[in-house]
Amino acid sequence: MSYNYNSWEPVKISPEDLTEHEIALLRDSETFCIYPWIHLHTYPTGETWPCCHAEMSAGPIGTTKELSLNKLANSEHMCQLRNDMLNGIPSIYCTRCYEQEDHGFFSGRKSANKHHGHHIKRVTETQSNGVYENFTMTYWDVRFSNLCNLKCRSCGHIFSSQWFKDQVALAGPEYAKNNKQLNYAGKFETDLIEQVLEHIDYVEQIYFAGGEPLVMEEHYKILETLIERGRTDVRLIYNTNFTQLKLKDKSALEYWKHFPQVSIGASLDAMGKHAEYIRAGTKWPDVERNIQDLRQECPHVDFYISATLSIFNALHITDFHRDWCLKGWIKPQDFNINILQDPAHYRIDIGTFTYKSMIRDRFERHLEWLEPQDYLNRATTGYQSAIKFLSNDNSESLQKFWDKTHQLDSIRNENIFDFIPELKGLACYAD
């Protein structure tokens with residue numbers, strides 16, 4: 001049976017084995033998500049959230065600087081979230097998924113229910129106050145630190161150690177006094193990796209992100225432990241900038257040969273100079289060499305582009321998509337659009353009516369080429385949803401885009417038009 005990308009049906013359990021109530025939660029509920037029963041997400045600062053999609057303005061559920069993961073799993077916020085989900089009450093933590101669904105995206109919430117819905121029986125073990133005592137993490141997404149080799153435009157110091165100097169330049173010398181360049185989640189450097197490894201007998205899927213996971217010692221420690229324990233059945237999923245596949249004498253390619261289920265979502269938003277501006281520190285020839293090495297040494301790995309769609313690459317992303325297809329490095333369907341929602345001044349809906357019309361026209365023409373070849377309908381859905389997203393009016397953020405861009409250009413000694421000349425179409429709003 002072929003994989004149905006946009007179907008609600010869980011991939012590891014048949015609907016015939018589900019009760020009507022369980023089907024209603026997984027298929028029909030507009031609020032239910034399985035994550036609070038199987039997962040916690042930590043930032044490099046120690047702040048902990050229900051998942052990586054959670055709305056930051058809701059505030060963290062707690063911090064690993066003070067509490068263990070097991071205690072955080074049944075914190076007041078998590079218990080309330082479980083009860084709200086079961087009772088059909090929308091949560092502020094979930095507003096990003098709600099917005100995605102309103103625009104036709106297959107949201108993180110729906111994806112969670114699809115890939116982890118076989119744990120739905122845990123719901124029946126939930127106490128009336130929302131406590132779930134038998135919490136074990138079957139899905140891992142722990143950001144052990146902010147160690148990174150890039151400083152992407154839409155990122156910041158929380159997730160990238162390379163951002164520190166720029167953040168000091170933006171915020172002033174007090175920032176340097178009150179913050180460190182490299183941050184570790186947990187009470188001490190190895191705290192989180194020790195806690196996570198306590199769940200290694202239960203883990204089914206690990207999502208490695210960062211910072212940049214392929215430059216972190218913790219990443220290789222986990223893979224080594226899985227191999228030693230005979231747990232190569234665990235599915236590995238990556239969000240990586242794909243600029244570096246080695247750490248000292250450790251090659252990610254050699255580790256991946258042990259695991260039959262490896263999916264790499266490369267955070268590549270553009271090619272050439274566009275890429276080197278949007279994700280500063282990128283050397284584009286290195287990226288192209290890495291994809292060739294991956295295809296040759298690990299042909300079993302599921303590789304796809306996980307592009308962040310922003311105002312920076314809106315008129316370029318289709319060219320990038322086609323280029324890698326023509327070179328044979330990806331199939332047309334292997335291009336996942338993640339529409340940037342925060343910070344608001346980088347969203348595609350900040351454009352003028354004319355500029356958004358140009359984006360819409362570019363996407364519609366690209367879809368004529370794409371749809372007949374997109375057998376998963378994954379890339380197609382992304383572009384179609386982005387077209388709907390363009391109907392939003394966020395033009396009040398346009399001036400802030402130029403203010404922030406010029407400020408960072410000055411710090412980095414760059415000029416955006418040297419890298420992304422098409423944005424001159426919005427330049428009249430730069431003053």
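This is a short talk on the sheet, the aromatic pairs and a few individual residues of one predicted model.

Before the details, a word on conventions: residues are numbered from 1 along each chain as its sequence is written, and side-chain values use heavy atoms, with hydrogens and water left out. Because the model is predicted, local features need pLDDT of at least 70 and side-chain atom pairs count only at pLDDT 80 or more, while totals for chains, interfaces and linings use all residues.

Let me begin with the sheet. Helices (H or I, at least four residues) and strands (E, at least two) are DSSP runs numbered from the N terminus, and two strands pair if DSSP finds at least two bridges between them. On that basis there is an open sheet of nine strands with mixed pairing, in the order β3-β2-β1-β4-β6-β7-β10-β12-β13. Strands β3 (62–63) and β13 (335–339) stand at the edges with a single partner strand each, so one side of each is left without a neighbour in the sheet.

Within that order I would like to follow β10, residues 262–266. Strand β7 (residues 235–240) runs parallel to β10 and is joined to it by five bridges, with Ile-264 of β10 as the bridge partner of Tyr-238. Strand β12 (residues 302–309) also runs parallel to β10, here over four bridges, and in β12 the partner of Ile-264 is Phe-303. From β12, a parallel pairing of five bridges leads to β13, where Ile-337 is the bridge partner of Ala-307.

How many of the residues of β10 are buried? Taking buried as under 20% relative accessible area, exposed as over 50% and partly exposed as in between, with a 1.4 Å probe and protein chains only, five of its five residues are buried. Both faces are covered, with Val-262, Ile-264 and Ala-266 on one side and Ser-263 and Gly-265 on the other.

I turn now to the aromatic residues. A pair of aromatic rings is described by the distance of the centres and the angle of the planes. Here, rings of Phe, Tyr and Trp (its six-membered ring) pair if their centres lie within 6.5 Å, and planes under 30 degrees apart count as stacked, over 60 as edge-to-face and the rest as tilted. The structure holds 24 such pairs. In one of them, the rings of Phe-320 and Trp-324 have centres 5.6 Å apart and planes at 70°, so the pair is edge-to-face. Both residues lie in helix α14 (residues 317–326), four residues apart, about one turn of the helix, and both are buried.

A tilted pair is formed by Trp-402 and Phe-417, at 5.7 Å centre to centre and 45° between the planes. Trp-402 belongs to helix α17 (residues 398–412) and Phe-417 to helix α18 (residues 416–419), so this pair ties together parts that are 15 residues apart in sequence. Trp-402 is buried at 0% relative accessibility, whereas Phe-417, at 22%, is partly exposed.

Ring pairs also link a cluster whose members include Phe-303, Phe-320 and Trp-324. If we define contact as heavy atoms within 4.5 Å, then Trp-324, leaving out residues up to four places away in sequence, touches nine residues that I will sample only in part, among them Leu-268, Trp-284, Phe-303 and Trp-329.

Finally, two arginines in contrasting surroundings. Which of the two labels, buried or partly exposed, applies to Arg-109? Arg-109, in helix α6 (residues 108–116), is buried, with a relative accessible area of 5%. Apart from neighbours within four places in sequence, Arg-109 is in contact with Ser-29, Glu-30, Thr-31, Phe-32, Cys-33, Cys-97 and Glu-101.

Arg-229, by comparison, lies in the loop between α10 (217–228) and β7 and is partly exposed, with a relative accessible area of 46%. With the same neighbours within four places set aside, Arg-229 is in contact with Ile-200 and Asp-201. Its side chain makes a polar contact with the side chain of Asp-201 at 2.8 Å, a polar contact being a pair of N or O atoms within 3.5 Å, where within protein one must be able to donate a hydrogen and the other to accept it, and where residues adjacent in sequence count only if both atoms are side-chain atoms.
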